[in-house]
Structure formats: C-alpha cells, structure tokens
Amino acid sequence: MLLFILIALTGCGRSAPHTPSVGKPESNPDAPFRNVASEWSIEFKDQPRNAASYHLPALMGSGCAVLDFDRNGHLDLLFLAHDSLNRNVAFFSQEVEGTFTERSEKLGLQSLSGAGVAVGDANNDGWPDLYIASYGPDTLWLNESGHGFRNVTDNCGISNARWGTSACWLDFDRDGWLDLFVTNYVDYEDRACTRLGGGDPDFCTPGLFNRTADVLFRNVTGESPDGALSFVDVSNSTGISNGLSAGLGVTAMDFNGDNWIDIYVASDQHPNLLWINQQGQFTDEATIRGCDLDFQGRAQASMGIALGDFSGDGIEDLVLSHLDGESHAVYRRDAAGYCRDICRETGFATATRTSTGFGVCAVDFDFDGICEVLTVNGRVQRPGKRPLAPADFWKPYQQPCQLLKTDRRDGPWKAYDVLGGEPHLARGLAIGDLDRDGDPDAVVSTVGESVIVLRNDFVSARPGLAVRIVDPKLSGRSCPGAKISLDTDDGPLEHTFQPCQSSMSSHADELFLAMPSGSATLTLSVIWPHGDMRPERFSFARGNDAPIVIERGEGIVE
Amino acid sequence: MAFRFLTIIALTMLIAACQPAIEVPAVPKPDLSGAYVEVREFLNEKRFAVEAAPTTANAWGEYGMALDAHEYSDEAIQCYDIAAQLKPDQLRWKYLLALKIRHQTPDKAEILLAQITKSPKATLAAMICHADVLSELGRDDDARQLLANADAAFPGQPAVLFRQANLAFQEGKVEFAREKLKSIATDFGETVRLQSRLSAIGKNVQSAPSVSADELPGVDQTIVDHDLAAVLNCRRDPLWEGKRAADRAKAGDQLSLMTLATLVKKHPELIENRIQLAFLLAEHGDRELAEQMIAEGLELTPGDSRLLAGQAVLAMLDAEWTVAEERLGRLLKAFPDHEAGWSDLAFVLEQLSRPVEAIDAYDRAVKLSPADGELIQRRKTVLESIEKGRLP
C-alpha cells in the first residue's frame, strides 16, 4: 500500500519494466541517458551565420518539438534555427519505428525559421498544427491531414512582429477552440557589448533592452460563417497587454482551482507574470501569489518552466530554470494557488547554482514514483577570452546538461551530469517516447553543434503508462490544459496535461504516469478544459507500450 | 649599540611573524589587447605597483579594484584574495572578494563575511550581504540574528527592515512582517510587492499592487557602500569618463565640455558620449554643431535608434515641431516599438494642435509601457481637452 501511495502521489512517470533495445548506459549510472542522435540519423546543427557579430537571437537559440504529425503512432521531431548557415528547419518523420527521415522540404516547411514552437490543433480537424514564434514575424502552419504543412499566417488574423520566443495553445474561454498565447522577449536592437574596460565583444545582456507586451489570440473559427480559420488579437481587451515581460517560457494551467486556465510566463531578469483567468479577463497576480520573485524578493533570469510535485503534497508545483549564480526557483503551490519558493529546502539551490538552465522538464524517467528534473544548460556570456579558432566560437558557452534526482518525494534533489558531463550549448528540450519502449526520451536543441537525442536507459522500477487526453467530438484532438486527478489513498494527485512547458519547445501530447504498486488498474478523473466542468472518471489497465487514449465522454461524469 | 642592534632584529622578527606567510603568486595579467587605451594604461600602472611591492596588500587590493571596475572578474578575485591574505585585518579586501564570489560559492563568501561582521567596524553593506548569503545557504536563524544586529546598529534602515519582513513572511510570521513593513517610511519596489502579498493573505484579493512596483526604486539603493564606491571610482573607461565630464559640464564646468569633445573624437563609436555632447552643445546654443555630432554618428552607425531619437530631441528642444515629427517618423518606422519615440511624437503632435493623432500616438506608447503613470495622465489630459472642446 505504501508503495502505491508513493507512486500515485508523485505519479509523473510511465513505464513497463523494459530492457533497452540497443546498448547499455554508458555514462553516469545516476543519469543513464545515451545520445542516439547519429544512431537514429537525426542530424541538425543550428550554426548561426556571422556568430562574431554577436546578434543576441543567435545565442538564445531555438526550440524543438516532439509530435505525431501524421498520426501513425510514431513520434516525429521538429528542430528550428533563426539564421543558420546550414538550414533553419529540420523535420524528422518517423514512418517506421526507429527510422527517422528528414522531410522538411517534402512537407512544405523549407522556408520555416524561428525561435519557439507550439504544437496544437488550431482548426479542430484532429491534425496537430504548428505555431512558430520568431525574432521576425511569427507564422502559423496548418497540418494538411498529415501530408504536409501550409503557412496560413496571412489569412487568419495572426500577427506578432515582436521577438516571440515561446507560445502556448490553450482554451482560455472554454469554447472548445484552442487559443494562442505568445510570450515576447525584449525590444532588441542589434549590437554587441564589451566588458566595461573594452576589449573582445560578447553578447549583450537582455537587461539593456526594454521588456515587451505578450500577445493573446482568441480562436474565433467557430464563429466564422464559412468555418475559415480565424483569430482575433484580444491582448488589449483581456488585459494581457497590461503587463510586460522578457518572456522565454510559458505554460498554461489552472493555477487557482477555478477550472479556468491561467497563464504563467517566465521572464528573464524581470518579475515573472501569472495571468489569472477571470472567465476570459486576465489580471497579473504573480506578486500576490508569490511566484514573481525568488525567496529573497529578487527578480531572476527565468528561462524555462516545468510542472511537477516537488513538495510531496499532491499539488502541482513549478520549477523555473535560471542563470548561473542564481538557483532554479521551485514555487510550491498551495490549494488556493499561493506560492513559496522552496529552492533551498528541495536542494535545487545548491544543485543548480553553477549552471545557466534553459529547457527544463519534470518527468519520472526511472518510474520510481518520483519526478526527476532534466535541465539543459548553456551560458549567455563567455567566461574569459574568445577562442582563436572560429570553430571553437561557441565552446566557452557550453555547460553539461543535468538530471536532478531524489529518493524522497519532498527531496532533497541532487544534480548529476548527463552524458558524462559533456558540455553543450543547449536551449530547447522536449519529451516523448521516441522509441515506443514505454518510457520518456528527450530531445535537446543546441547552438553551434548537433542536436542531442537522449534515449532513456534507466531500468524502470515499476510499470507505467502514457496517456493521451483527447476529445472525439473535436476530431480526437488533444486537450491541453486538462486537469488530471489521480486517486491515491492520501487524496488526489494533480497533473496538468500540458505540452507547452520547458523553453521555446513543445513536448509530445502524452502524459506519463506510474502504475500503482500491486494494482493492475489506474483510476483518475479529468476536468476538461472546455465544456462541462464536472470531473469525468476513468479506470483502465495497462496494455502494451502504446499510449492509452482517454476520450472525453467515455468515462463516468461525477 | 649591541642593544639597539638586537632590538632592531627583534622588531624585524616580530614584524615578519605578524605578516602572514603566504606565497605570493604571479601578478595576474589579463589580455588587454582590445581594451580602451585609458583602461590599459590605468591597469598597467596598478599592475606595476604590485610588481614593485608584491607583498603589499594595498597594492594588490587596488589592482583588484581597478580590474573589478572594468569587469576583469577572475583576475580581480585573485588580487582581492592575495590582498586579504596579506592583510587579514583590513576588511575591505575580504568584503570585495566576498561580493565577487558570493553567487557561485556562497559557502566560501560566508566565511569571509563572518569575519567582517564579527568586527565592530562592520559596515551596513557587509552585514546585509552576509545576511543574504546566510539566507541563501538556508541559515535563516543566523540571518535573522544578523539583521537584528544591523537594525540595532543602523536603526530604521529600509534595506534591513525589508529583509526582516521578508524572512518573517517566509517563516509564516505575517504580523511581524506587516509591522516591519509599516516601519519603512517610503515605498520601494520590494516593499510594495511584499505588502501586496501580505494584503492578499486570507482575503482572496484579486488585484495587482495599487502602486506599480516597477516604477519605484529598489530598497538596496538606500545602502551607502563606500567599498563599492571606491571600486566605481577606479573606472577609467571613456563611457564612464564621458558621463562624468557631461555631469561636470552641466554643472557649469566649461573645461569638461572640452574633455567630452576630446573623448568623442578619440572614441567616435561611443554613441552615448556623442549624444551627451550634442545635447550640451545645443544647450549652449550651438545647434549646428550639435546636429553635426549626431549626423557624424549616423554616418558611423546608420540607423542607430539612440541617434535617431537624439536627432528628434534636438528639434524638439528648439520647438521645431514639424522637423521633430519628421525625425520621429523616421525613428518609428525603423523601430515601431520605441516607446519614448511614440511618447515624444504624441507630445509633438499636441504642440502641432493635432490632438486626435496625439491620442493615437499615446495609445501606442501606453501599449508599450502600460505601467507609465505619467504617460497615462498626459493622454488623459489631451482627451479631456478634446472632450471639453478646447482642442480641435
């Protein structure tokens, strides 16, 4: 029973006990990930043009996404770049299990470039579409039934000329159509900086530039007489434009328990924003809810966001990745949605102080019932001199990726270097079960080097499963923002089904849950992000390694 | 004679015994190839002083400050470290060393700060820094005690009171936190934010702080830190020198105007100096030369927003509203999110008696800077004037 409680309380994992199909862990046994990018023919390098002009977007890099664009059950990968010498996009489709083929041109994406990606079904046809946030104008790409993508930006009311970094699909008005929130970074003016004494130039700190307002687009396709895909910029009328951020990460979840999806923005060197949704109107309550600053009342350089329970109380908390010299913040959330930064108590303060984290996720990689936190790192300023060889330009910015682990639900977490401490300049991070062996893997976007694919080689402690949360009445599309409550003896355990986390990236639309110990079934209830707010209960057994699909209307409404 | 000789030997031995036996390493020599010539000369001068007296703490410390002032952090840390070892009772070097290492290695910084705050000579800045580091290390009780000591030594200091309030709040002592905040006479960014949190407790408050915290000064601006000021005094980079010359020129020192002009000639790429000089020339009635300064800058760095904005301001200073409008139009075409540009354009349009267009410009500015109360007030005034029929 105790094991059941432990697993169910934290339950952010999925797995069957499995043996890795290829190879064995080769690095730190505490962080057994293996970079299989070359092995799986996943080759992409964001090699910024004119790196030595120190154009800030080059350093900030771009994100990545894991999605099943053709709904064949195998996950595909999207990588972006801003202005790369090679190319600015790579789309690896997985037509046969384990075989990735680069198909960006065939899919009509060859002109794509950008910083951040959000995957969501804009037109409720069941096929995941792409929103690309960019240093230039953002773009929206409609999925044409798994055969390719079409740029529909000009005709659908989407327009964001600011430096978009991360975007999030959410149904803020609960009308069944996915709306779109885009967080913008700074009002950047192209220039390099030097230390005060002069000398070698380096990238400027974003603190030199003004923050910008974010954008919320309401999806009004359902109100369009001809059903044409249509969005309206409602940033002013909803209150979103009343706040400023230097946003690098965004997520959307019900923060205060009223079943309306709120929006949380990680802001670089400025207070974070929490847009509380008051039935379609938004007010920034980050300050009064205690998730704007660190525990000492200082603004930090917030980059990425991960959701998970880090205090063992069953309520979903937030981790924010930060600059070196700062610690990742761990905002413990109470039932009413008020927060306290517990980075010291959880060990994150010590574990993350010397790294600059961007992409971050909280997933139970080893299925011991407790979330691990994977954080991908890379500096934003060069320590010491610029290397003489141009090929080494990005090396001083590199840092190892880290996995934070603990044996107890409330920590303390300890950091372990991933890939044997190999340094990388990593930015985006997205999660999904790429090899369909039942456990989550990770992809990492980088700058100046090849992307990384981290195959999870943990030996699973318990069985787990992946669930997809869909609405068959909306062509079976995923429902981001759905609130999951797992039954445990200690009460419910919250999860938000939300692919938009991390930084500039989009996770696969799968939620990884650990099976309870000693039980063949898992029971959970779902509060859907649209329509009826009453929870719907589901009970199911674990099958094979494929995700279990939870369909709206197929459970028992409480 | 023999007695005197023995006394000298004894004194020499005593002095030697008092000097910490440290092995002085090589003097750090950063790569200054790209540094400003003024900085290079100054740093070399300080380095030569160390090389001439390698066991002198002050020489090391002052070289450390010179390096620190120009962001040669690694080398500054080495120098402060040696200086602190050579003269352990001189608190400044330990403090400056602690400041440099506190974020990366707070445990090491704490050891240094503890030595300082035990001393009766401990400054407020050092006590606050130590309390912060203790708190970062999870030693809240020690931090609380230290803040209490600081409160006793420097009563009513806002930076101390805020920290006491914040620590109390973190601990769940809400009333104590409220009391501490109440005892701070003026609003600061941090105090307003904490006040908002405290107000929300148990009341389900759903509103942002009534005063925008972003517009208020930070509480740490109330700390007078002579050690950091000494580091700042070591700056020799032309941007800083330009700022100082401009400040002196504004205060009526004509020679400083010459100094600034020389700096612009020597470092034509430093736009801030160029703009300062242009404005000062315009204030002195030499508009033509001021225009020339900006035009030369735009030749060097075409399309720079600061220069474009400066060019518009020059026209505004002389009430040439049409010219200003044209120049602001050029700026905003290149930088559509330039908040000051929209704000200035709104003002210019007001002067041109085009209030409806001014409102549009204010709307753009407010959208970009929604917390700017002054902007909102100016927009409101124009709107009221239109409604009352005072303006077309």
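Visitor: How many salt bridges are there between chain B and chain A?

Guide: Six salt bridges, each being a side-chain nitrogen of Lys or Arg within 4 Å of a carboxyl oxygen of Asp or Glu. Keep in mind that this is a predicted model, where local features need pLDDT of at least 70, side-chain atom pairs count only at pLDDT 80 or more, and totals for chains, interfaces and linings use all residues. Side-chain values use heavy atoms, with hydrogens and water left out, residues are numbered from 1 along each chain as its sequence is written, and chains are lettered from A in the order in which they are written.

Visitor: Which residue does A:Arg211 meet in a salt bridge?

Guide: B:Asp214, with N to O at 3.0 Å.

Visitor: And polar contacts, how many residue pairs between chain B and chain A?

Guide: There are 19 residue pairs, both residues at pLDDT 80 or more. A polar contact here is a pair of N or O atoms within 3.5 Å; within protein, one must be able to donate a hydrogen and the other to accept it, and residues adjacent in sequence count only if both atoms are side-chain atoms.

Visitor: Which element gives the largest share of the side of chain B that touches chain A?

Guide: α11(B), with five residues. Helices are DSSP runs of H or I with at least four residues, strands are E runs with at least two, and both are numbered from the N terminus.

Visitor: What's that side of chain B like by class?

Guide: It has 14 nonpolar, 15 polar and 17 charged residues. Ala, Val, Leu, Ile, Met, Phe, Trp, Tyr, Cys and Pro count as nonpolar, Asp, Glu, Lys and Arg as charged, and the others, Gly among them, as polar.

Visitor: How many residues does each chain bring to the contact, and what area is buried?

Guide: Chain B brings 46 residues and chain A 41, with contact meaning heavy atoms within 4.5 Å. The buried area is about 3,700 Å², and carbon and sulfur atoms give 43% of that. That area is the accessible area (1.4 Å probe) that two parts lose on being put together, summed over both.

Visitor: New topic: how many residues are in the largest nonpolar core?

Guide: It has 70 residues, and B:Trp60, B:Met65, B:Tyr80, B:Trp93 and B:Tyr95 have the most contacts inside it. Such a core is a set of buried Ala, Val, Leu, Ile, Met, Phe, Trp, Tyr and Cys residues joined through side-chain atoms within 4.5 Å. α7(B) gives the most to this core, nine residues.

Visitor: What is B:Trp93 in contact with?

Guide: Leaving aside neighbours within four places in sequence, B:Trp93 touches residues including B:Met65, B:Tyr80 and B:Ala83.

Visitor: Back to charges: is A:Asp457 buried or exposed?

Guide: Buried, at a relative accessible area of 1%. Buried means under 20% relative accessible area, exposed over 50%, and partly exposed in between (1.4 Å probe, protein chains only). A:Asp457 has a salt bridge with A:Arg455 (2.8 Å, N to O), and A:Arg455 is buried at 1% too.

Visitor: What about A:Asp471, which residue does it form a salt bridge with?

Guide: A:Arg552, with the closest N and O atoms 3.1 Å apart. A:Asp471 lies in strand β33 and A:Arg552 in the loop between β40 and β41 of chain A, so the pair ties together parts 81 residues apart in sequence. Both A:Asp471 and A:Arg552 are buried.

Visitor: And where does B:Arg92 find a partner?

Guide: At B:Asp227, with the closest N and O atoms 2.6 Å apart. B:Arg92 is in helix α5 and B:Asp227 in helix α12 of chain B, 135 residues apart. B:Arg92 is partly exposed at 27%, whereas B:Asp227 is buried at 11%.
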